[in-house]
Amino acid sequence: MYTQGMNTFQIFATQVAISTLAWGLVAWAFVIPLVKKWRCEDALALLLVPQLFRHIGMTLLAPGITAAALPPEFTQSVAYGDLVTAVLAALAFVSLKLKWTTARRLVWVASIFGFGDLIHNVYLGMSLEVAPLLHAGWVIPTFVVPLMTWSHLLTFWRLLSKSRN
């Protein structure tokens, strides 16, 4: 066993930080300039796309993916919160593409619920110290959560933006 260098939490935190920075750079270089030019509804639809794949959190429920000791209160919170977020995002996405009058409200609902779910699960994961128990599920908080965070932040930015193009 390797005992020198960073511990599990330090590796985990470093990967989360690097992924957050990397997704931020992608947003700054490509996404923001693009969505500034688009009609608000088209920009919002694009920004919702990552949320359509939030069902990935259900991976934590599959036997053998994580340590058996991973608390069910964490796995169930992530899995079902992510599933609800994916369904809400799909509904909001369809409403934008079909130009429903309630589309922006549905985007708000999906985004508030999804971002709240992310914050809740990050807090829960940190308080339960789940990082060493994630095993193959490690990729979710270290790679996917930073993408989802940027997706939500950019969605809020676009919803609050004064330019309606």
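**Group meeting: helices α1 to α5**

Start with Leu34. It is partly exposed, because its relative accessible area is 34%, and buried would need under 20%. This is a predicted model, by the way. Leu34 sits in helix α1. It also belongs to a nonpolar patch on the surface. The other members are Trp38, Leu46, Val49 and Phe53. Together the five have about 400 Å² of accessible area.

Now α2. Here the buried residues are Cys40, Ala43, Leu44, Ala45, Leu47 and Leu48. What do the buried residues of α2 pack against? Four helices: α1, residues 8-37, plus α3, α4 and α5.

On to α4, residues 103-128. How far apart are its end C-alpha atoms? The answer is 37 Å. With 26 residues at 1.5 Å each, the helix should span 38 Å, so the two values agree. After α4 comes Glu129, with a positive phi near 50 degrees.

Which residues of α4 are buried? Ala103, Val107, Ala110, Ser111 and Gly114 are. So are Asp117, Leu118, Asn121, Leu124 and Gly125. Their cover includes α2 (40-48), α3 (72-97) and α5 (139-160).

Last, one residue from α5: Thr155. Buried or exposed? Buried, because its relative accessible area is 1%, and the cut-off is under 20%. Leaving out residues up to four places away in sequence, Thr155 touches Leu44, Leu47, Val107 and Ser111. Leu44 and Leu47 are buried residues of α2. Val107 and Ser111 are buried residues of α4. Thr155 in α5 thus touches both pairs.

Methods. Residues are numbered from 1 along each chain as its sequence is written. This is a predicted model: local features need pLDDT of at least 70, side-chain atom pairs count only at pLDDT 80 or more; totals for chains, interfaces and linings use all residues. Side-chain values use heavy atoms; hydrogens and water are left out. Helices (H or I, at least four residues) and strands (E, at least two) are DSSP runs, numbered from the N terminus. The expected span of a helix is 1.5 Å times one less than its number of residues. Buried means under 20% relative accessible area, exposed over 50%, partly exposed in between (1.4 Å probe, protein chains only). Contact means heavy atoms within 4.5 Å. Patches are made of residues with over 30% relative accessible area and no salt bridge: like charges are joined within 9 Å, nonpolar side chains (Val, Leu, Ile, Met, Phe, Trp, Tyr) within 5 Å. Accessible areas come from the Shrake-Rupley method with a 1.4 Å probe; for residues, only the protein chains shown count as cover. A salt bridge is a side-chain nitrogen of Lys or Arg within 4 Å of a carboxyl oxygen of Asp or Glu.
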